[in-house]
Amino acid sequence: IEDNPQEAIALLQNLKPRIAKKGKSDQMHYALLSIKAKDKADVPLTDIDEIEKIVKYYEDNADDKLLPLAYYYAGRTYADNNDALTALSYFHKAEEILTGTNSDIGLLATVYSQEGYLLNLRRMFIDARKCFQKAYECDKSIQDTVGMVCDLQDIGKSYTWNKEEKECLRYLKQAYDLARKTGDQKLVLGIELSLAFNYKDLQMYDS
């Protein structure tokens with residue numbers, strides 16, 4: 001799912017007849033993984049009834065490992081259905097578990113990032129930047145450099161949404177320096193593109 005979500009979708013589809021003969025636990029885990037694969041492949045998540053069924057199962061069975069993941073994908077599904085308030089409520093539920101006994105710091109960083117994105121859309125820029133900063137601290141704690149680059153870029157974009165281009169530039173430069181250290185050319189090019197737009201907005205055309 002992480003490296004090749006399209007292949008994962010095909011594999012999961014082939015497994016579907018066998019999963020139908022399994023128990024409820026396997027079926028719910030399969031359904032959750034299928035949603036995760038679609039999300040990773042940028043397929044819009046539209047089936048609210050399905051994710052609500054999954055959430056209820058993991059709530060009823062008190063699964064601290066998979067319940068926050070179910071909450072996260074409930075948030076993603078509602079976000080894809082343009083219901084930001086319900087999406088945020090599910091992200092907050094995931095956050096509550098993940099900041100408690102659950103140690104999935106990578107998922108927590110992603111939850112914070114999604115919260116920040118939705119808060120940006122609602123023009124709550126200060127709260128959005130707090131979420132992106134929390135995501136950055138999580139990614140830093142697990143040494144996820146690519147995640148840190150994306151978090152810095154998100155903070156910068158939050159400033160540019162609020163017409164604070166100089167602050168945006170400051171964060172984009174940090175993201176650029178960090179991206180170059182990763183050796184990931186695609187990541188570097190993405191930051192360069194953001195920098196180019198930022199320089200244009202600042203009328204720094206030579207840069």
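Reader: Which residues lie nearest the centre of the largest pocket, and how many residues line the largest pocket?

Author: The general idea comes first. Rolling a probe the size of a water molecule over the atoms shows where empty space is left. Now the case here, in a predicted model. The largest pocket has a lining of 41 residues. Nearest its centre lie Lys40, Tyr72, Thr110, Gln114 and Cys150.

Reader: What is the volume of the largest pocket?

Author: The volume comes to about 1,600 Å³.

Reader: Which helices supply at least two residues each of that lining?

Author: Helix 2 (24-40), helix 4 (67-80), helix 6 (105-121), helix 7 (125-141), helix 8 and helix 10 each do so.

Reader: Which helix gives the most to the lining?

Author: Helix 6 does, with 9 residues.

Reader: Let me place those helices in the whole. How many helices and strands are there?

Author: The secondary structure has 10 helices and 0 strands. Along the sequence the pattern reads α-α-α-α-α-α-α-α-α-α. The C-alpha trace spans about 65 × 30 × 30 Å along its principal axes.

Reader: What percentage of the residues counts as buried?

Author: Of the 207 residues, 43% count as buried. For contacts, look at sequence separation. Among contacts with a separation of 6 or more, 53% join residues 24 or more positions apart.

Reader: Take helix 10. How do I read its length?

Author: Compare its reach with the span expected at 1.5 Å a residue. Helix 10 covers residues 185-201, which is 17 residues. From first C-alpha to last, helix 10 reaches 24 Å, close to the 24 Å expected.

Reader: Which residues of helix 10 are buried?

Author: The buried residues are Leu187, Val188, Ile191, Ser194, Leu195, Asn198 and Tyr199. They sit on the same side of helix 10, because they cover an arc of only 140° around the axis. On the other side, Gln185, Lys186 and Leu193 are exposed.

Reader: What do the buried residues of helix 10 pack against?

Author: They pack against helix 8 (145-161) and helix 9 (165-182).

Reader: Now the ends. Which residue caps the N-terminal end of helix 10?

Author: Asp184 is the cap. One of its side-chain oxygens lies 3.2 Å from the backbone nitrogen of Lys186.

Reader: And what comes just after helix 10?

Author: Start with the rule for phi. Most residues other than glycine have a negative phi, and most peptide bonds are trans. Gln203, just after helix 10, takes a positive phi of about 60°. Gln203 is not a glycine. Its relative accessible area is 59%, so Gln203 counts as exposed.

Reader: Which residue with a positive phi follows helix 7?

Author: Gln143 follows helix 7, with a positive phi near 60°.

Reader: Where is Asn82 placed, and what is its phi?

Author: Asn82 is in the loop between helix 4 and helix 5 (84-98). Its phi is near 60°, a positive value in a residue other than glycine. Asn82 is exposed, with a relative accessible area of 75%.

Reader: Back to helix 7. How does its reach compare with the span expected?

Author: Helix 7 has 17 residues and reaches 24 Å between its first and last C-alpha. That is close to the 24 Å expected at 1.5 Å a residue.

Reader: Which residues are buried in helix 7, and what covers them?

Author: Buried in helix 7 are Phe125, Ala128, Arg129, Cys131, Phe132, Ala135, Tyr136, Cys138 and Asp139. Their cover includes helix 6 and helix 8.

Reader: Now single residues. Is Asp39 buried or exposed?

Author: The cut-off for buried is under 20% relative accessible area. Asp39 has 12% relative accessibility, so Asp39 counts as buried. Asp39 is in helix 2.

Reader: Which residues does Asp39 touch, not counting residues up to four places away in sequence?

Author: On that count, Asp39 touches Leu45, Tyr72, Tyr73 and Arg76. Tyr72 has come up before, among the residues nearest the centre of the largest pocket.

Reader: What is the relative accessible area of Tyr117?

Author: Tyr117 has 44%, which means partly exposed. Tyr117 is placed in helix 6.

Reader: What distance separates the C-alpha atoms of Tyr117 and Ile155?

Author: The two C-alpha atoms are separated by 9.8 Å. Along the chain, Tyr117 and Ile155 are 38 residues apart.

Notes. Residues are numbered from 1 along each chain as its sequence is written. This is a predicted model: local features need pLDDT of at least 70, side-chain atom pairs count only at pLDDT 80 or more; totals for chains, interfaces and linings use all residues. Side-chain values use heavy atoms; hydrogens and water are left out. Helices (H or I, at least four residues) and strands (E, at least two) are DSSP runs, numbered from the N terminus. The expected span of a helix is 1.5 Å times one less than its number of residues. Buried means under 20% relative accessible area, exposed over 50%, partly exposed in between (1.4 Å probe, protein chains only). The arc is that of the directions from the helix axis to the C-beta atoms. Contact means heavy atoms within 4.5 Å. A polar contact is a pair of N or O atoms within 3.5 Å; within protein, one must be able to donate a hydrogen and the other to accept it, and residues adjacent in sequence count only if both atoms are side-chain atoms. On a 1 Å grid over the protein atoms alone, a cavity is a set of points where a 1.4 Å probe fits but cannot get out, and a pocket is an open set with protein on both sides within 12 Å along at least five of seven lines; lining residues have an atom within 4 Å of a point. Grid points are joined across faces, edges and corners, and a volume is the space filled by probe spheres set on the points.
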